[in-house]
Amino acid sequence: MTTMPTTTPSAVGQPLDRVDGRPKVTGSAHYSAEIPLPDMAYAYVVGSRIAAGRVSGIDASAATAEEGVLAVLTHENLPRIAEQPPLVPSLAGMAAPGQTYFPMQDDIVHYAGQQIALVVADTWESAQHAAHLLRVSYEETAPVTTLDQGRDRAYVPERIFGGWIPGRIERGDVEAGLRDADVRVEATYTYAANHHNPIEPSGTTALWDGDTLLLYDSTQGVNATQMTVSRLLGVPMQRIRVIGHYVGGSFGCKAMIHAHPTLAAMAAREVGRPVKLALTREQMFTSVGHREEQEQHVTLGATREGRLTAVRHHKLSPTSPFDDWAEPSLGTSSQIYACPHYEGVYRLFRANTMTPTFMRAPGEASGMHALECAMDELAHELGVDPVELRLRNHTDVDAMSGFPWSSSGLRECYERGARRFGWSGRDPRPATRREGDWLIGTGMATATYPVAPLANPQRARARLYADGTAVVQAATPDFGTGVATVMTQVAADGLGMSVERCRFENGDTDLPHIAAAVGSAGAGMISAAVHSAATALRGQLVHKAVADAGSPLHGADPVDVVVRDGVMTAGTASEAYTDLLRRNVQPDAEALGQWNPPAHDIPYGMMTFGAQFAEVAVDAELGLVRVRRMTGAFAPGRVLNAKTARSQLMGGMLWGLGQALLEANHVAPDTGRWANSSLAEYLVAVNADAPDVDVEFIEVEDDIVNPLGVKGVGEIGQVGVAAAIANAVHHATGRRVRKLPITIEDLL
């Protein structure tokens, strides 16, 4: 085994400013729909006005007669796809279609907004105008869209979530556990559908050069786009390059690869020009998935002392006509509390909807709301403090597998979060605290998110130049999380250099492969690959120096060499990287690093933990709810950048506020169309809604998840917030609202 030299870390963990801040605020950062290419054409998508039936005819004569229109593509003339990849989450690094249905391959309409035509013109305005001139006729059938319509036809799937999660999860004997219970809490919670609304809508710019395709795509994984488009078009991967240097947010809608990148490529090949296809804000509601409407039924059994004897957690939700998809809302409820008996069952029904997809904290955002509200109801029933109830059911092992946690910190999250929030002075009686017209209440909930099980090696490349600068490369895009900043810090520490001398290049399939950064996996997997590459290069240079007769370090033991600011030192001898390379007439040195994620069957449970606390004020006469302050305490393993991590967690907590009080979409049962399909109608939290948000880090060491002990913060910030707010509303008013979002009507 090669002996590795040491370095003194200094950059990792520091609250460094974002390296991409200046180009983003000055406008020099070009996003995928802003790439200027000569002779550009523009594509506009036409969506179906019906939710079920078939397209009986499309009259494109008026559209094609318009000046500047280059093509109108429909099911009658769009090329057939070469192969439909299976539905596999992109965190596996494989082809990752958003659904196993590709539009315009036949005349069948499966859901409202489904792409039925693509108009290509020399300007976007011309394409949009011509699209409105299409005359489409339909043969319509009655759609199935709502829970009530599908309840009687529900089934238990063998597996969900792209085949990753079983449709039924069980341990022990739930019926026996409920019989043994002194107290039982049973409740049904309902959830409106939610939609992604990143600042940048999805978009792709496609350019063919002979038989080689270049795509500028707004995606969480350029490799996932490359592999998916390759299989759909039948073009070898090595002839497709995907670039996504800047991505204006995603939250899951850009994790799976939906139809528009492939449609852009088809259109560009058809017209022989570069084509830009940018979805409108309204099309984002029908083209990139969503968090499905759902109903969750929770039954808890417990002793008089508050020890859980049984947990039953069932979920009902609609899926598309072609995929068994449900976000995994039942996973963590089977793992986080000490309880001998558990039963989780997913029930799906086929509906006229596109396949739902990842949305921030997929599964846990809804599932932990149901579980944690039920736990609050149990605490109220028993007269036990909600924090104390959770401590009584705390477990140091994964309750499902029996394996110990790779690291936890959950107890500390409860205790420190409660202390920072001021929980100890809480009067447990509901509807007793009042300030003028406002009823005041506080609530809390557990936050958990699994550490994603990645499947393939993650790679990065590190290169040091003779001028003393270094570049580290990996394919991963930065979709707003600050990965370019954080990986510059990881690279700097791995090389033993200052951050100012390092830079990180990313967002290009020509760079070393990284799986799509989903499920809070990005920071852990990318940092592991970058760390591997940087330390491999550092080791290479140190070994070169100690073997070089001309080096002051000649003959030193590599393990005794410390590297700081690009200078290798052992005892009183030292040499700079730059001197070593110049003496050897070497313009640069490089190393490829690879990290293989832990096997899926390792004997550890891997989970990130936290605790959420919220204070609300409810107007007793008007039913208005205002969140006044929130505290979140989290144990995400090693924090790579305190500023970007805190920002991620605050953003998640504020999204949890939106989930609790604002975000909702509903389908009209007769038409199958979404009622709210723009930001004028679909409500999201804004600055005026934002309360004081307090974030606390609980440091835990974890040498199982990855080399740097990073668990990630992208998802967990949202988990538990809606439950903490809902529990606070109950504490303020005495009224238990079992639906999200909580609206004025629920409290009047």
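Reader: A pocket here is an open set of points on a 1 Å grid over the protein atoms alone, where a 1.4 Å probe fits, with protein on both sides within 12 Å along at least five of seven lines. What volume does the second largest pocket have?

Author: The second largest pocket has a volume of about 600 Å³, the space filled by probe spheres set on grid points joined across faces, edges and corners. It has 24 lining residues (those with an atom within 4 Å of a point). Closest to its centre are Val46, Gly47, Ser48, Arg49 and Gly113.

Reader: Before going on, what are we looking at?

Author: A predicted model, where local features need pLDDT of at least 70 and side-chain atom pairs count only at pLDDT 80 or more, while totals for chains, interfaces and linings use all residues. Numbering runs from 1 along each chain as its sequence is written, and side-chain values use heavy atoms, with hydrogens and water left out.

Reader: Back to that pocket. Which elements give two or more residues to its lining?

Author: Strand S2 (41–47), strand S7 (135–140) and helix H8 (284–287) do. These are DSSP runs numbered from the N terminus, helices being H or I of at least four residues and strands E of at least two. S2 gives the most, with four residues.

Reader: And what is the lining of this second pocket by class?

Author: It has 10 nonpolar, 11 polar and three charged residues. Asp, Glu, Lys and Arg count as charged, Ala, Val, Leu, Ile, Met, Phe, Trp, Tyr, Cys and Pro as nonpolar, and the others, Gly among them, as polar.

Reader: How many cavities of 30 Å³ or more are there?

Author: Six, a cavity being a set of points where the probe fits but cannot get out. The largest cavity has a volume of about 170 Å³. It is lined by 17 residues, and His290, Asn352, Thr353, Val667 and Trp674 lie nearest its centre.

Reader: What is the class split for the largest cavity?

Author: Its lining has nine nonpolar, six polar and two charged residues.

Reader: Switching to charges. How many salt bridges?

Author: The structure holds 39, each a side-chain nitrogen of Lys or Arg within 4 Å of a carboxyl oxygen of Asp or Glu. One of them joins Arg350 and Asp324, whose closest N and O atoms are 2.9 Å apart.

Reader: Where do Arg350 and Asp324 lie?

Author: Arg350 is in strand S18 (residues 342–350) and Asp324 in the loop between strand S17 (308–319) and S18, so the bridge ties together parts that are 26 residues apart in sequence.

Reader: Is Arg350 buried or exposed?

Author: Neither: Arg350 is partly exposed, at a relative accessible area of 34%, and Asp324 is partly exposed too, at 25%. Buried is under 20%, exposed over 50%, and partly exposed in between (1.4 Å probe, protein chains only).

Reader: What about Glu377, which residue does it pair with?

Author: Glu377 forms a salt bridge with Arg736, the closest N and O atoms being 4.0 Å apart. Glu377 lies in helix H9 (residues 364–382) and Arg736 in the loop between helix H16 (721–733) and strand S31 (739–740), so this pair ties together parts that are 359 residues apart in sequence. Both residues are buried.

Reader: Which residues are linked in a network of salt bridges?

Author: Arg433, Glu435, Glu615, Arg628 and Arg629. Within it, the side chains of Arg433 and Glu435 meet at 3.2 Å, N to O.

Reader: And how accessible is Arg433?

Author: Arg433 is partly exposed, with 36% relative accessibility. Glu435 is also partly exposed, with 34%.
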